[in-house]
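Work through the exercises below with the sequence and the 3D structure at hand. Try each task before reading its solution.

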Amino acid sequence: MMYDQTRARQSAGQTPAAAGRRSPSPEPLLPSDEQDKIVQRLRHALNTFADTPLEALEEAESAYDEATAQLVNALAERRRLLRAGRQDQQSDAQSDELRHALRQYREITQRLLHL
C-alpha cells in the first residue's frame, strides 16, 4: 500500500473530499438591514430603561413582535419557493429537486432549533 501524504495530514475522521471544501454559510433568514433596525430598537430600549422603564419594555416588546412577524413571513416565503421549485419538473430532475428541497428544509429547521 502506498503512503498518502495528503491523507496523513488530515485530522482523524476527516475524509479527503471534505478536507478541501467548506460548506457555504447559510443564507440569512432576514436581510441584514432589517436585522440592524431591530437590534437598534432593542439597544434603544436597553439604553432608556433607567429613565423610562415602561416605555423601554414596550419598545423591546414591539421589536420582538416585529422580528417574529418578519421571521414568519421569511420562512413562509422560503417554503413557497421550495414548493414552486419542484412543480412542473420531469421525473429525473424532480428527484434532484426533491433532494435539494429536503436539504433546505433540514437546514432551516436545524437553524430554528438552535436559535
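**Exercise 1: A residue in a helix**

Alanine 63 is buried, as its relative accessible area is 0% (buried means under 20% relative accessible area, exposed over 50%, partly exposed in between, with a 1.4 Å probe and protein chains only). The model is predicted, so local features need pLDDT of at least 70 and side-chain atom pairs pLDDT 80 or more, while totals for chains, interfaces and linings use all residues. Residues are numbered from 1 along each chain as its sequence is written, and side-chain values use heavy atoms, with hydrogens and water left out.

Task: State which helix holds alanine 63 and which residues alanine 63 contacts, leaving aside neighbours within four places in sequence.

Solution:
- Step 1. Alanine 63 belongs to helix α4 (helices are DSSP runs of H or I with at least four residues, strands are runs of E with at least two, and both are numbered from the N terminus).
- Step 2. Beyond the neighbours within four places in sequence, alanine 63 contacts Ile38, Arg41 and Leu42 (contact means heavy atoms within 4.5 Å).
- Step 3. Arginine 41 is 22 residues from alanine 63 along the chain, and their C-alpha atoms are 6.3 Å apart.

**Exercise 2: Two packed helices**

Task: Describe how α3 and α4 pack, and classify the residues in their contact.

Solution:
- Step 1. Two packed helices are described by the angle between their axes and the distance between the axes.
- Step 2. For α3 and α4 the angle is about 165 degrees and the axes are 8 Å apart (axes are lines fitted to C-alpha atoms, for helices over the stretch in contact, and angles run from 0 to 180 degrees between N-to-C directions).
- Step 3. The two helices are therefore roughly antiparallel (angles over 145 degrees count as roughly antiparallel, under 35 as roughly parallel, 65 to 115 as roughly perpendicular and the rest as oblique).
- Step 4. On the α3 side, the contact includes Glu34, Ile38 and Arg41; on the α4 side, it includes Glu59, Ala63 and Gln70.
- Step 5. The contact residues comprise eight nonpolar, four polar and four charged (Ala, Val, Leu, Ile, Met, Phe, Trp, Tyr, Cys and Pro count as nonpolar, Asp, Glu, Lys and Arg as charged, and the others, Gly among them, as polar).

**Exercise 3: Buried or partly exposed**

Task: Are glutamine 70, glutamate 59 and lysine 37 buried or partly exposed?

Solution:
- Step 1. Glutamine 70 sits in helix α4, residues 53-85. Its relative accessibility is 19%, so glutamine 70 counts as buried. Not counting residues up to four places away in sequence, glutamine 70 touches Leu30, Glu34 and Ile38.
- Step 2. Glutamate 59 is also placed in α4. Its relative accessibility is 24%, so glutamate 59 counts as partly exposed. Apart from neighbours within four places in sequence, glutamate 59 contacts Arg41, His44 and Ala45.
- Step 3. Lysine 37 lies in helix α3, residues 32-48. Its relative accessible area is 43%, so lysine 37 is partly exposed.

**Exercise 4: The chain as a whole**

Task: How many helices and strands does the protein chain have, and what share of its residues is buried?

Solution:
- Step 1. The protein chain has five helices and zero strands.
- Step 2. Of its 115 residues, 12% count as buried.
- Step 3. Among contacts between residues at least 6 apart in sequence, 54% join residues at least 24 apart.
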